[in-house]
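This briefing covers one helix, the nonpolar cores and the enclosed cavities of the model shown here.

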Amino acid sequence: MATPWRATLKNRLTVVAVVIALWVCGIYARLVYLQVIDHNDLTVRAERQQKRTQEAPAKRGDILDRRGHVLATSVDADTIYAVPSELASADDAVAKLCGAFGDCTKKERQALAEKLNQQKAFAYVRRQVAPDMAARVAALHLNGIGFLKESKRFYPNRELGAHLLGWVGVDNVGLGGIESTYDKEIRGKKGTILIQSDAHGQVFDRIERPPTAGSTVELTIDEYLQHIVERELEIGVAENKALGGAAILMNPHTGEILAMANAPTFNPNAPKDSDENERRNRAVQDLYEPGSTLKTVTASAALEEKVFQPNSPVDANPGYVKLPGRPAIVEDRHNNYGLLSFTDVIVKSSNVGAIRIGFKVGTERLSRYINLFGFGRTSSPDFPAENPGIVWRADKWTESALASVSMGYQIAVTPLQMVTAVSSVANGGELVEPRVIRAIYRNDRRFVVRPNVLRRTINQETAAELTAIMEQVVVRGTAKRAQIGGFTIAGKTGTAQKVINGHYSHSDHVASFVGFAPSRNPVFSLIVVVDSAKGPNSDHGGTVAAPIFQRIADAALRYLAVAPNVNPAPPVLVAKNTAPGQDAPSPQATEGGVARLVVDAGTMPDVRGLGAREALQVLFKAGIDARVSGDGLVVSQSPAPYEPVERGSVCRLELQRSPRRAGEANRP
């Protein structure tokens, strides 16, 4: 008979064996579940915990002006992010972060708390912050808070060319202007960063696919001319207490836009600090009735179709016109000009005379020229936001509509369309597509954008006749305040009533002036449009817009070193009779008023004692670029006179109002 303790031991061993067997079965069952049934889900979770992929944003290409000056570039900026699952306390982190920021609003604090209380692997805290703010956050030493570098757009000239350049959002996407239009070219391609970490969150491997930088875009804009146009437009708008304004400076032969300005303006480095009105590019988006500036098109049609000659008589009696179906009369501001020549209709800007001309031209022909000059359609692919304008179909024109269009009403245009049309007159009758892209640098190659002539509007003879008429507008007509000493200017004023709530306003007008200089060999065309002037200069194109045109054009002609075409200075002669090493004197007037320079070919001319314009002309003819500082007469130049130089060299000129004796400035 077995003893009792043996039975007890056997039972206990059996229980232990069963328990161990069940435990082993459970482990096997769990392993089967993890390795077979739940394998895919666990693999995904493991990869998510141990690997994370971050995008490496591409660096946007630079935007340059035509001389290579940087207008927009990209810089590195710190972006603060969080790993919410690693935060000890989300609420405590929010409090410390907002304390470091110093400018958290209640709404931002709530949004940040919601993001950090979610168990996610990544969340943005604040993007593209200033270096001092990033330093304050780094000093907190918060677990779960990190930094990464992002590319931030920077505009070194602040407001300069803001509407043309546009701006970029925090996601590196262009949101306006050239930044938006050519976003695919400028943005480049994103890269990726694969980060692998262990169970403790320590990073042990990084695999990077670097981003591809975007293309650099070279604009037709000249930085200095842009500064001139913006400065004078801003002064003019403020002086005339206007709501705003726009100005465009264009090369009429190539369609290159040298400057485009709007007032008011904004800083693209901080676009959120401005409103929609300040960010709107009035030069291509705002429609206005051009008023008398459109009489250039009416005159072009009449001259081209041989309906009138410049000296043909036009009856403007009795100073007003009563049109059927139109309650108000059209008058020449209480003037009865009587019998005018065709030229004087434009010079005096007679509405009655323009209507008489329009009636002779007729609906079919006038509407055809309106279309030929580009109205009623967008002007350039560089401005996708451009308003096409409003032009009625010819079959809808009534007698009243024909009269209105003849003097610049019942048609809506943009400043860009108007200056493009007048540029067609300036270049001899070709409509050239306006553009702002000069070249694109892609894969270390420069792709140049060529001028695009769309069609011929008028022949060269008509353009010359109309240019002569527009010159008289400036000499003795409504645009006397656009005159520039030493130059002939061709242009036309415009003053149009604004449409407010469906009715023409008697107090708000759009004043404009469009023209080109020098008139017989123009280097630029220019339009100035001012909205609702209320200042001391009244609200007419000749008193508001023409003076702004004059100041811009005068400064631009000086900067471009354009020689006067009225009583020009005597030519500079070049002789080769200086012995080697001889220090020739500065230019002196000789018999017959001819200035003489003594200089060998391939040597630096002596321009000391000359004014800036004359000095630039001499250097330009020698193929030498110049950098000018000061004003007055040249007192110092580097390289010194008669030193060997090559074409394309740069000469630095110092100007002073009271110059030292020639040669004194260059002595050691």
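**Helix α19 and its surroundings**

Helix α19 spans residues 541-559, 19 in number, helices being DSSP runs of H or I of at least four residues, numbered from the N terminus. From first C-alpha to last, α19 reaches 26 Å, close to the 27 Å expected at 1.5 Å a residue (1.5 Å times one less than the number of residues). The model is predicted: local features need pLDDT of at least 70, side-chain atom pairs count only at pLDDT 80 or more, and totals for chains, interfaces and linings use all residues. Residues are numbered from 1 along each chain as its sequence is written, and side-chain values use heavy atoms, leaving out hydrogens and water.

Nonpolar cores
- The largest nonpolar core holds 122 residues; a core is a set of buried (under 20% relative accessible area, 1.4 Å probe, protein chains only) Ala, Val, Leu, Ile, Met, Phe, Trp, Tyr and Cys residues joined through side-chain atoms within 4.5 Å.
- α19 gives the most to this core, with 10 residues.
- Val-528 is among the residues with the most contacts inside the core.
- Beyond four places in sequence, Val-528 touches residues including Ala-545, Ile-548, Phe-549 and Ile-552 (heavy atoms within 4.5 Å).

After the helix
- Ala-561, which follows α19, has a positive phi, near 55°.

Definitions and conventions:
Helices (H or I, at least four residues) and strands (E, at least two) are DSSP runs, numbered from the N terminus. Buried means under 20% relative accessible area, exposed over 50%, partly exposed in between (1.4 Å probe, protein chains only).
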